[in-house]
Structure formats: C-alpha cells, structure tokens
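Here are my notes on the model you sent round. Have a look at the sequence and the coordinates first, then read on.

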Amino acid sequence: MNELIESAKGYGNKIFTSIVKHGFDNTGLTKSKIMFSNVLLHIQPVKIHKRTVKFKTTLGLGLITTYMFVALAVTGVVLMFHYVPSTALGPDGLPDAYSRMLNLRSNVFWGDFMRNMHRWAAHGMVAFVALHMLRVYLTGAHRGGREFNWVIGCILGLLTVFLSYTGYLLPWDQLAFWGVKVGTEIARLAPGGAIIRGILLGDGDVGGEALIRFYVLHVAVLPAIMGGLIAWHFWRIRKDGGLARPADTSGEKQIPDADFGEVRNNSVFKSSRSYKLVELVKGNEPKVNEEVDQMMFAWPKLIIRELLVFVGVMVLLSFVSVFFDAPLEGPADPTYPTNPAKAPWYFLGLQELTSYDGFIGGIVIPGLLAGGVMVLPYIEMFFESFSKTYRKNIPGVWFAKERALENALFIGMYIFMLALIIIGVYFRGENWAIIYPWEQVAGGGH
Ligand code: HEM
C-alpha cells in the first residue's frame, strides 16, 4: 500500500515539475528561474534597481493603467458574446444594439455587472493614463534616453481616448448618439477633417454604418494596436535601463542582504573572477572594489507589489460596478437632439474650447498641445544642445528645483484642461449657457 502511495506522490511530483520548473527556496538561482521560466513574469528583468519597488517612484500609475486595460479586455470579450452592432429594429420596435443593453441589464446573468465594470474601467483608464503621464513628466522620466518611449506613451494615450470614444457609441442610446455626433462635428473643422469623418462614419452622418465601423475599431483594430504598443512600451523600459532614477542612489538605504538570496551557485550572478562576460562585451574594465550593489531580485518583492496593485484595482472596480450603474438613456433618436448635447467628459474640454471658436478651439489649440507634448522631450533636448544656460534634466527626482519652470508649465496645462472639463460637465446647460451645477439636466458628458 505504502509503495502505491509513494508511486502516486512521485507521479504527482513529475506532473508538477513538468509545469513548474523551479523550487521556491531563497537562492539567487531559484529567484531568477522563477522569473525567466514563467510566461507572465519573463517579460520583466530578473534583477531590478532597488528604486523600482519604491511606491514614490511610479505611484503605481502605469501599472494601474495596464490592469484597467486587462479588465477591459476580459469584460469586453464577455460582452461580445451578447452584443450585436446593429441599428435594425427588433420585434420590440427597438434597435438591436439598444435592446441588447436592456437585456444585459435585466436578463443576462452578471450582464449588468460586466457592463458596469467595462464602462468604469474605460473611464478609469483615461484618467489614470493622464495621471501616469503627469508623474512621468514631474519625475523627469521622459528624458535620459526615454524620449522615444515618451512618444510611444503619447500614442498610447491618444489610443486610450479613441478606444473609449469608439465604445461610447455602442449602446446606441441618446447619450451615445449625440455624444458621438458632437465629437465628429468637431473633426469636420480640421483640414481634411471631412474626409476622415466620412471614413470613420461610412456615411454622411452617424448611423448604422458608423456603428459597425466603431464596433470593429473598438473590439479588434484598436485593442490589437494597443496591445502591441503596450508590449513595445514595456520592452523599451527595459532597453532604456529600467525606470528613471537619480544618478546617485548610493546615499539611500541599502538593500537587506536577504534580498540578494543565498548564493549557492555563484556562476549565475556573482562571478568568482573579477569580471563577467557582459562587462567584457560592453568593454568595461573588470570591477574591482565595486560599490554596494543596488540591484535586487524582482522575485518576490516586485511581483508581490504588482499582485497587490492588481487585487486593489479589481476590488475597486468591482465595488464601483456593484454600486453604480453605467448610464443608459432612451434609444438613439436622430430627430430629437438632447439639449445640451455633450461629448464624453474627456472631450468636454475640447467641446468647451470649440464653443468659443470652432477652428482655433477645436483644432489649433488641441493640435498644438497634443503635438507639442509628444515632442516635448526633443524640444528640451534641443535647448540643452544649443544653449549653454539651459538646465539639464534630472531624471527620477520629483519636482526637481532645476526644472521648476517646466514642471509649472506642465501642471498649468493640466489645470487648464481640468478647468475646461469641469466647466463643460457641471456649468453648461441648455444651448451651452452657463448654469450652476444644481440646475443641471441629463445631456451627456458622462
Ligand atoms: C495605455 C497606456 C499606458 C500604459 C498601459 C503604460 C504603462 C506603463 C508602465 C506599467 C510603466 C512602468 C512604470 C509605471 O508603472 O509607471 C510605464 C513607464 C513609462 N511610461 Fe507608460 N503607459 C501608458 C501610457 C503612457 C503615456 C501616455 C506616457 C507619456 C506620454 C508614458 C510614458 C512612459 C515613460 C516615459 C515610462 C518610463 C518611466 C520611467 O522610466 O520612470 N506612458 N508605462
């Protein structure tokens, strides 16, 4: 009998080790094997600078944005099992797309929760990507070789907004229809905007053709581009030498010895010789009397922190989705405009600007801002290269006093956009007249 139990244990072990090819001891070798033998973990480095795990380095904002994207992908696929991108009227006299929303609310198991989660994660992602960009700039992490990753990030930011916007139309309710109508009217003002608008809508106006185009962009084209760009963004972080950090961190607290792991197999990270192959390849001198190592294993400290942020994001999203329903108004009616007709909140700054002057507010200012922000690191680099007095960038330091002017301007831009959005959401009523927030009637901006 005992023999049988032993054989069963042995068989179980063999199955386990065929999947998990490492133990969980405290040796450096195991800590590195855990990282590079796991499909999810291997995109991260085995060793990271100790600064990486400090909360103040990133505030977790890029990670939160990533997890919002994951939540959107998962809930989005679930919703796709049910949704139909059609404006054809069903037996109940309602457009198919809209009656699917009503079904999700009442008849589909967990449908309401999935829709809420998808909606709130979409808004959350737009907000967190903006905060992430702010933190990157205020810590000077857009420079020091990271300029191109900043550009990739900007494209990701624009895609995030566009992804959210294409999804906005899908419920085919009044909110969706008039919100998208307003947005695409703004596009008309740009040079060549009418052509882009035509391609996007597939017709002269927002209708069934626009719905199917927005749907394909929303569920296939944009997420695929976004997934690829996120992977590139992460890859660049590694190639740019990890997260930005101050040039000299030697004065900061040292890493406890335990984080280096027991070194049993010294052929992996500690060389018995005074040089390593990688140093020869880089052309460095052999290291002699090197300063205390600032690099630590990513396993387990970084991974546990990442997991905690993940759980936090999911708990928060679930909580919000249980208590707050995603809005749904009456079915889209192209003959009955809502008044005011407001774009989604992240476009309300733009809509507010266009209310002063269509071309300057809707195209020139946002175009200059978006284009300027995208090439900002290169503008700074230009000044640095040609002016002897221009202050150098200080990477990895929050609010570096040498960059007070740049930071103040960047924060000023955020405050300007936020103020416009707040005016658009709370202080604009019928016919875009100024009102107090308590006089507000439903009309979009969500
Ligand atoms: C879908 C949108 C985005 C995702 C999922 C994303 C994700 C991330 C993650 C996970 C990191 C690692 C550090 C951290 O957690 O903060 C990071 C770093 C970085 N991101 Fe993003 N990001 C996005 C958009 C942006 C935008 C809009 C910008 C700027 C315009 C940007 C610029 C950067 C830069 C320069 C770094 C390196 C920062 C450093 O070295 O400290 N990213 N991103």
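The points below go from the overall fold to the ligand site, the core, the helices and a few backbone details.

1. Ground rules. This is a predicted model, so local features need pLDDT of at least 70 and side-chain atom pairs count only at pLDDT 80 or more, while totals for chains, interfaces and linings use all residues. Numbering starts from 1 along each chain as its sequence is written.

2. Overall picture. The protein has 16 helices and 2 strands; these are DSSP runs (H or I of at least four residues for helices, E of at least two for strands), numbered from the N terminus. Its C-alpha atoms fill a box of roughly 80 × 80 × 40 Å along the principal axes. Of the 446 residues, 31% are buried, meaning that 20 or more other C-beta atoms lie within 10 Å of the residue's own (12 or fewer is exposed, anything in between is partly exposed, and C-beta atoms are placed from the backbone). Take the contacts between residues at least 6 apart in sequence: 75% of them join residues at least 24 apart. A contact here is a pair of C-beta atoms, placed from the backbone, within 7 Å.

3. The ligand site. The shell around the ligand holds 26 residues, and the closest are Thr58, Gly62, Ala141, Gly153 and Gly157; to count, a residue's C-beta atom, placed from the backbone, must lie within 6 Å of the molecule. Two or more residues each come from α4 (61–80), α6 (111–138), α7 (147–168) and α10 (208–239). Which element gives the most to this shell? That is α7, with 7 residues. By class the shell has 14 nonpolar, 11 polar and 1 charged residues, where Ala, Val, Leu, Ile, Met, Phe, Trp, Tyr, Cys and Pro are nonpolar, Asp, Glu, Lys and Arg are charged, and the others, Gly among them, are polar.

4. The cores. The largest nonpolar core has 56 residues, and Met68, Ala121, Met125, Leu169, Leu170, Trp172 and Ala176 touch the most other members. A core in this sense is a set of buried Ala, Val, Leu, Ile, Met, Phe, Trp, Tyr and Cys residues joined through C-beta atoms within 7 Å. The elements giving two or more residues to this core are α4, α5 (96–106), α6, α7, α8 (174–188), α10, α12 and α13 (345–354), and α6 has the largest share, 12 residues. Another core, of 7 residues, lies apart from it and includes Ile34, Met296, Phe297 and Ala298. Back in the largest core, Leu169 touches Ala176, Val180, Ala210, Leu211 and Phe214, leaving out residues up to four places away in sequence.

5. Helix α12. This helix (residues 301–323) has 23 residues, so at 1.5 Å a residue it should span 33 Å, and its end C-alpha atoms are indeed 33 Å apart. The expected span is 1.5 Å times one less than the number of residues. Val313, Leu317 and Ser321 are buried in α12, and its buried residues pack against α4 and α6.

6. The α8/α9 pair. These two pack at an angle of about 145°, with axes 7 Å apart; axes are lines fitted to C-alpha atoms over the stretch in contact, and angles run from 0 to 180 degrees between N-to-C directions. Thr184, Ala187 and Arg188 in α8 meet Gly193, Ala194, Ile196, Arg197, Leu200 and Leu201 in α9. That contact has 5 nonpolar, 2 polar and 2 charged residues. Gly193 counts as partly exposed because it has 16 C-beta neighbours inside 10 Å.

7. Backbone oddities. Two prolines follow cis peptide bonds: Trp299 to Pro300, with omega near 0°, and Asn339 to Pro340, with omega about 5°. Pro300 sits in the loop between β2 (295–297) and α12, Pro340 in the loop between α12 and α13. Leu59 and Trp172 are non-glycines with a positive phi of about 55°. Are they buried or exposed? Leu59, in the loop between α3 (55–58) and α4, is partly exposed because it has 15 C-beta neighbours inside 10 Å. Trp172, in the loop between α7 and α8, is buried, with 25 other C-beta atoms within 10 Å.

Notes: Two residues are in contact if their C-beta atoms, placed from the backbone, lie within 7 Å.
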